[in-house]
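Please open the model in your viewer and keep the sequence panel beside it, since each stop on this tour begins with something to select.

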Amino acid sequence: MDAGFTPEQDEIRRTLRELLRRRCTPERLRAALDTPAGHDPALWTALAEQLGLPGLALPEAYGGVGCSATELALAAEETGRALAPSPLTATAVLAAPLLHALGTDAQRAELLPRITSGDLTAALAVPGPRLATALALTGDNAGDWAGGGRAGGVQARRADGGWRLYGEVDQVLDGHSAGLLVVAAHTGGFARSRTLLFLVPGDAAGLTRVRQTALDATRPRARIQLRDTEAELLGVEQSSALAALAALGDTAAAVLAAEAVGAADRVLERTVEHVGQREQFGRPIGSFQAVKHRLADVYVQVQAARSAAYYAAWATVHGEQVGGLALAQALEALRTAAAEGIQLHGGLGFTWEHDAHLYFKRAAGDELLFGPVHRLRAHAAEAARLFERVEVAV
């Protein structure tokens with residue numbers, strides 16, 4: 001692995017950080033969170049038109065930039081620093097790779113150019129508490145995580161030469177505002193059921209979407225209800241949706257790890273600034289050895305998580321799957337950095353007006369969606385057969 005970055009990669013980071021510094025101030029962030037969409041459409045347009053962020057990891061044939069997951073991870077690190085309110089994760093990290101991997105030529109030609117231009121946003125409709133399972137991050141995704149209609153989740157049935165969906169999905173990232181939903185549904189009855197992915201336009205008849213209250217307001221979520229809603233099968237019936245979701249999971253984990261590292265680095269940076277300015281007993285509190293030790297521990301943890309995230313992003317294009325481990329380390333680093341930030345800010349840290357709680361909620365919310373940390377590590381250990389008993393001939 002080459003630990004250095006190319007000039008192009010450095011330019012992506014520099015340009016994106018500068019844009020977010022101007023367009024994603026704390027005031028604009030809070031204003032965007034209070035809108036019905038939960039994100040800033042003007043910021044999303046700027047990210048798409050000026051940087052091509054939605055299509056950063058999509059082929060040039062569909063209007064994308066043609067970069068790898070490494071560049072997408074570097075971009076996510078910068079959006080994580082600012083907690084940028086945009087549908088980037090839902091669209092570019094979760095939905096677009098599935099459209100590219102499973103879609104027919106006609107589906108790709110119709111949808112991917114609209115995504116790369118920023119005109120179309122998309123969301124993966126998987127039950128929120130089971131998203132980590134669906135992406136094979138915390139266990140095998142071959143089970144009944146997709147539910148089945150009345151029992152929870154979505155059921156698909158053939159009708160009039162097409163497909164109809166019935167059911168409900170909670171906690172769908174940006175599901176209330178996405179122009180396209182990629183819905184995971186069971187089909188074939190319970191005895192011979194299998195999970196397939198379907199495309200549902202945001203304005204489809206029989207579709208109801210309601211934004212839900214979430215712990216982390218910077219990642220808005222929705223409840224999706226489908227009542228005999230017409231849908232289009234993504235790809236062909238013989239394709240393996242489960243394999244595509246599992247492959248997506250490792251890449252998504254690497255990108256999310258980089259995003260968490262960016263957030264952890266920013267909250268640590270702000271904490272260091274604060275302890276250098278606030279005085280106690282006539283001197284800055286950052287000069288006390290106990291405070292230095294606590295921040296040094298956080299710094300080491302953040303840097304270790306950054307190394308793991310960078311390696312995971314590099315590994316995705318070299319056949320090695322370590323995204324889950326990197327995500328576990330990054331989420332733990334973010335949780336620690338945010339908690340220490342709140343404590344070392346003192347009485348200011350836990351107020352609603354300060355931004356420290358937003359980073360702590362991002363850490364807790366991501367762990368609920370993509371973790372928890374101990375299950376990410378346990379699944380990685382199981383996949384590596386780390387704790388299997390092996391008979392050794394003496």
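## A tour by selection

Begin by selecting strand β4, residues 180-187, together with β5: the two strands run antiparallel and are joined by eight bridges. Bear in mind from here on that this is a predicted model. Within this pairing, place a label on A184 and look across to β5, where L197 stands opposite A184.

Now keep β5, residues 194-201, and ask how many of its eight residues are buried. Six of them are, so strand β5 is largely enclosed by the rest of the structure. Add strand β7, residues 221-233, to the selection, and you will find that β5 and β7 pair in the antiparallel sense over two bridges. The residue to label here is F198, which has L233 of β7 standing opposite.

Return to β4 and add strand β2, because five of the seven residues of β2 (residues 153-159) are buried and that strand, too, is largely enclosed by the rest of the structure. The strands β2 and β4 run parallel and are joined by two bridges, and if you label Q155 you can trace its bridge partner in β4, which is H186.

Next, extend the selection from β2 to strand β3, residues 162-173, where the pairing is antiparallel and comprises seven bridges. In this pairing R158 stands opposite W163 of β3. The two strands form a hairpin with two residues between them, and D160, which lies in the turn, has a positive phi of about 55 degrees.

## On to the helices

Select helix α8, residues 241-277, and helix α9, residues 289-315, which pack at an angle of about 160 degrees with their axes 9 Å apart. With angles over 145 degrees counted as roughly antiparallel, α8 and α9 are therefore roughly antiparallel to each other. Their crossing is left-handed. To display the contact between them, show side chains on the α8 side for residues including A254, V261, D265, L268 and V275, and on the α9 side for residues including V291, L295, Y299, R306 and A313. By class, the contact of α8 with α9 has 17 nonpolar, one polar and two charged residues.

Stay in helix α8 and centre the view on T271. Is T271 buried or exposed? Its relative accessibility is 2%, so T271 counts as buried. Leaving aside residues up to four places away in sequence, T271 touches L295, G341, L344 and H345.

For a second helix pair, select α5, residues 88-102, and α6, residues 105-116, whose packing angle is about 160 degrees and whose axes lie 10 Å apart. That angle makes α5 roughly antiparallel to α6, and the crossing of α5 and α6 is left-handed. On the α5 side the contact involves T91, A96, L99, H100 and A101, which meet R108, L111, L112 and I115 in α6. Sorted by class, this contact of α5 with α6 has six nonpolar, two polar and one charged residues.

## A last stop in a loop

Finally, select G63, whose place is in the loop between α3 (41-51) and α4 (69-82). With a relative accessibility of 54%, G63 counts as exposed. If you draw a C-alpha to C-alpha distance from G63 to D105, it should read 15 Å, for two residues that are 42 residues apart in sequence.

Terms used. Residues are numbered from 1 along each chain as its sequence is written. This is a predicted model: local features need pLDDT of at least 70, side-chain atom pairs count only at pLDDT 80 or more; totals for chains, interfaces and linings use all residues. Side-chain values use heavy atoms; hydrogens and water are left out. Buried means under 20% relative accessible area, exposed over 50%, partly exposed in between (1.4 Å probe, protein chains only). Helices (H or I, at least four residues) and strands (E, at least two) are DSSP runs, numbered from the N terminus. Two strands pair if DSSP finds at least two bridges between them. Axes are lines fitted to C-alpha atoms, for helices over the stretch in contact, and angles run from 0 to 180 degrees between N-to-C directions. Angles under 35 degrees count as roughly parallel, over 145 as roughly antiparallel, 65 to 115 as roughly perpendicular and the rest as oblique. A crossing is left-handed if the near helix is turned anticlockwise from the far one by less than a right angle, and right-handed if clockwise. Contact means heavy atoms within 4.5 Å. Ala, Val, Leu, Ile, Met, Phe, Trp, Tyr, Cys and Pro count as nonpolar, Asp, Glu, Lys and Arg as charged, and the others, Gly among them, as polar.
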